[in-house]
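Open your viewer, keep the selection box handy, and follow along. We will go from one stop to the next, selecting a few residues each time.

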Amino acid sequence: MASGGGIYRNGTHRNSLKGTTTTATASTDRPFSVNSNPSKPAPKNKSSSLAGASSALRKSSPGSLGGGAAKDDAGVPGRVRVAVRLRPRNAEESVADADFADCVELQPELKRLKLRKNNWDTDTYEFDEVLTEFASQKRVYEVVAKPVVEGVLDGYNGTIMAYGQTGTGKTYTLGRLGEEDTANRGIMVRAMEDILAEVTPERDFVSVSYLQLYMESLQDLLDPTNDNISIVEDHKSGDVSLPGATLVEIRDQQSFLELLRLGEAHRHAANTKLNTESSRSHALLMVHVKRSVKGREPAHPSENGNNTNMAKSLRPPLVRKGKLVVVDLAGSERIDKSGSEGHTREEAKSINLSLSALGKCINALAENSAHVPVRDSKLTRLLRDSFGGTARTSLVITIGPSPRHRGETASTIMFGQRAMKVENMLKLKEEFDYKSLARRLDIQLDNLIMDHERKEKAFEVEIGRITTDAQNRISEAERNYADATEKERLKYQKDYMESIKKLEEKWMMNQQNQGSERKEQMIHTAEEVAELKKLLSKETSLRKEAEEEVNNLKSQLAQLKMSEASANSEILKLRKMLEGEISQKEKLEGEISMLQSQLLHLSFEADETRRRLDRGEPGKVTGGLDSLISQVRPQLKDSGNGEKASVAKLFEQVGLQKILSLLEAEDADVRIHAVKVVANLAAEETNQQKIVEAGGLKSLLVLLGNSDDETIHRVAAGAIANLAMNEMNQELIISQGGISLLSMTATNAKDPQTLRMVAGAIANLCGNDKLQTKLRGEGGVKALLGIVKCGHPDVLAQVARGIANFAKCESRASSQGSKTGRSLLIEDGALPWIVQNANSDASPIRRHIELALCHLAQNEVNAKDMISKGALWELVRISQDCPREDIRTLAHRTLTSSPTFIAELRQLQTDY
Ligand code: ADP
Ligand code: MG
């Protein structure tokens, strides 16, 4: 079979059949391909075998592959796509490994594969596709091969390879013919089906070579005598070709299947002869696809063949060439180098060579290494233009489930992992094919002329036949129609006459039966109608009235609504006006208070300016009251120089009256400012009299009573305390109800500083001999004792000072004889607090109390109380421990001059 048909070898024409080179063969004797019209019977001699003319055979020439002006298109980057496929357990494994888990676990949705390292540990790998043992051949083809095949049809080279241990399904995946069950067809068969479905036999050209590579020798599986084929590389284009290999044109699937069968048979025979197994060799199927590029192809000459079309058709067609290489690699398992399989060491090395070179190239490509050792083996040289680089490449790595082959499986997986890193640069191969253009044009022209003639003749015959046929049919139809019409007409006429007759009879009968009955009915009906008419007119007038009423009510309602709306809008308007008035009022109030503070500010400024002008100084004082105060304060503190007087004068000029009037201002801020100014003024002795004269003291006392603001209370109390340093003012304060106002302020105070001011004011009052009784009568002592609750040392110091002052005045009055009886302090219950704080940690408190005790002790009337309340012991302690000598001496003198104390001490046998 191989020797028949048109096989060229090494450029030698071995058969007289001309194949595609003659017009007749190419056009009319085209084999029955998958694309041709199935209704046409295929010529018998064409589909029988590839040995016949059905397979037009060619020899590839270096010129067509390497010498063409391959277009240097910009490459499209891609990557070698790697899928892993797991073979199902076979019968033997099912028995032998029944108790063991598979060595791999697939996660196809995640495109992951887990390789079991041991019982508790796995390694996980990712692939472009993970195909389980259940993956169909169709699916495998679609994910692994289809994209590559499509690329080849578009003019790119492509490679599909299977790599794996022997027996894992490489041949099953690639080479299955699917004769027993079409579902089992492998990649080679399916790829060719897709290619043939896509190409146009008249314009495109598909051819294949089928080879085996064993021990670095390339054998032609389509012609076994052809067994050391050389590889030719075009260094310019990088194309690889095998000029010596048989190249068979494929026009239909059947001839391709026969070719594969033939190749397989030759492979088996060759391996038997070589005493080896097919698993040791690589099988390579090369499919060349040459396609005219659509849109650039020559136009068909029209019937009258005008010149423009001819000129167009003379343009050479643009062709795209793609080469698909399907490689069923030798088993990846290591060959025993010892040569135990009957090979010598050298043979073993040579058998391994191509596969290990492929591994090395993949490593180099994956690592982007500058040198890729393609020249090391025939396989890598052959794949030079189809793997990595400029081609689309898919690799299926096949693995078995058996845990016994874990090592081989692992190395297969690693091979796949490295291949995943190989980048492709796709290159489109297009060139102008002038020779085929001329040939094709000839063929086309002949075809068209013949076709035309044939068609014209057939057309004329057909027209004649159709015309006569049509005429016959028309006349027959006309005849039939006339007959049928006449028949119908007669039938209808008869029916019509009969029905008229029947109706007439019926009518006559009805007339006779119903004559009298109907008369009576008519009279009755006329009466009823008259009555109904009457009722109707009555109802109508009633309805009209009701409608009028309704209309009336409606208009009333509308009026009411209108007036309500206007009243509402009136209310709204008034409300708005009211709101306007309120906001106006608030605004005016705000403005008034603002104007008040501005007035104060302005009067300060004016006075300052005037003063400066008087002094002959330029400029003016800016800023508000606060800044003025802050300017003034340091000057006030800076006593002892002439400035003080001038400050006081300044306020005088501003108008004390004005400031005092602001103490009653409505605005709380203004009041606070004003009271602060007054307090600052009151701190200066020189101002105190003026303030009092201007009624300031009274205003301050009023503030204590009226204001709710604690700041005002604090500042006012401070001012009062300052004013209370003057004897005359003290009288005024008490006579104007100051004690009760101050004690009320103390009761309400939350701030210890307020209490300090109040206590300070009362303490000052306590120092006035003339006011003792009155002060106590107004509750001054009680107020002081109430304040001690606060506990703040500053406050307590003021209380202690007040008590000391009071005690001092009392002792003075007693010694002058103007006072008799117990101390008012003791009367008001001050003694326990005095004793309690006599030894206070705070020295100001202690000192005042020590003095107070000494003063109290000087009046013999107080002695008994002092003894009973424990004051005696405090006096003893003061006389011994007080750090101040004058107090110590005073205490001692007091103790030794009181007979009661002496008697007591003696009675207690205290040696004093
Ligand atoms: P290889 O070419 O890798 O040595 P084969 O393709 O010859 O392996 O397969 C070995 C055996 O396993 C064959 O009997 C084949 O039918 C079977 N086999 C391989 N893959 C599958 C598969 N996916 N489903 C069913 N059987 C398979
Ligand atoms: Mg195989």
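Our opening stop is a pair of helices, α17 and α18, whose axes are oblique to each other because they cross at roughly 130 degrees. Keep in mind throughout that this is a predicted model. To find the pair, select residues 668-682 for α17 and residues 685-693 for α18; the two axes come within 7 Å. Now show side chains where they touch: Val-678, Leu-681 and Ala-682 on α17, against Asn-687, Gln-688 and Ile-691 on α18. Colour that contact by class and you will find four nonpolar residues, two polar ones and no charged ones.

Next, move to residues 187-198, helix α7, and add residues 253-274, helix α8. How close do the axes of α7 and α8 come, and at what angle do they cross? They come within 10 Å and cross at roughly 155 degrees. An angle over 145 degrees counts as roughly antiparallel, so that is how α7 and α8 run relative to each other. Turn the view to look through one helix at the other: the crossing of α7 past α8 is right-handed. For the contact itself, select Met-188, Val-189, Met-192, Glu-193 and Leu-196 in α7, then Gln-253, Phe-256, Leu-257 and Leu-260 in α8. This contact has seven nonpolar residues, one polar and one charged.

For a helix pair with another arrangement, select residues 752-766 (α23) together with residues 793-816 (α26). Their axes come within 8 Å and cross at roughly 10 degrees, which means that α23 is roughly parallel to α26. On the α23 side, light up Pro-752, Gln-753, Leu-755, Arg-756, Ala-759, Gly-760, Ala-763, Asn-764 and Cys-766. Facing them from α26 are Asp-794, Val-795, Gln-798, Val-799, Arg-801, Gly-802, Asn-805, Phe-806 and Cys-809. Sorted by class, the contact of α23 with α26 holds nine nonpolar, six polar and three charged residues.

Finish at ligand 1. Which residues surround ligand 1? Select Arg-85, Arg-87 and Pro-88, then Gln-165, Thr-166, Gly-167, Thr-168, Gly-169, Lys-170, Thr-171 and Tyr-172, and add Arg-176. Zoom in on the backbone here. A polar backbone atom of Gly-167 is 2.6 Å from an oxygen atom of ligand 1. At Thr-168, a backbone N or O atom lies 3.3 Å from a ligand 1 oxygen, and at Gly-169 a backbone N or O atom lies 3.0 Å from an oxygen of ligand 1.

Methods: Residues numbered from 1 in each chain as written. Chains lettered and ligands numbered in written order. Predicted model: local features only at pLDDT ≥ 70, side-chain atom pairs only at ≥ 80, totals over all residues. Heavy atoms only, no water. Axes fitted to C-alpha atoms, helices over the stretch in contact; angles between N-to-C directions. Helix = DSSP H or I, 4+ residues; strand = E, 2+ residues; numbered from the N terminus. Parallel < 35°, antiparallel > 145°, perpendicular 65-115°, else oblique. Left-handed = near helix turned anticlockwise from the far one by under 90°. Contact = heavy atoms within 4.5 Å. Nonpolar A, V, L, I, M, F, W, Y, C, P; charged D, E, K, R; others polar. Near = heavy atom within 4 Å. Polar contact = N/O pair within 3.5 Å; in protein donor to acceptor, adjacent residues only side chain to side chain.
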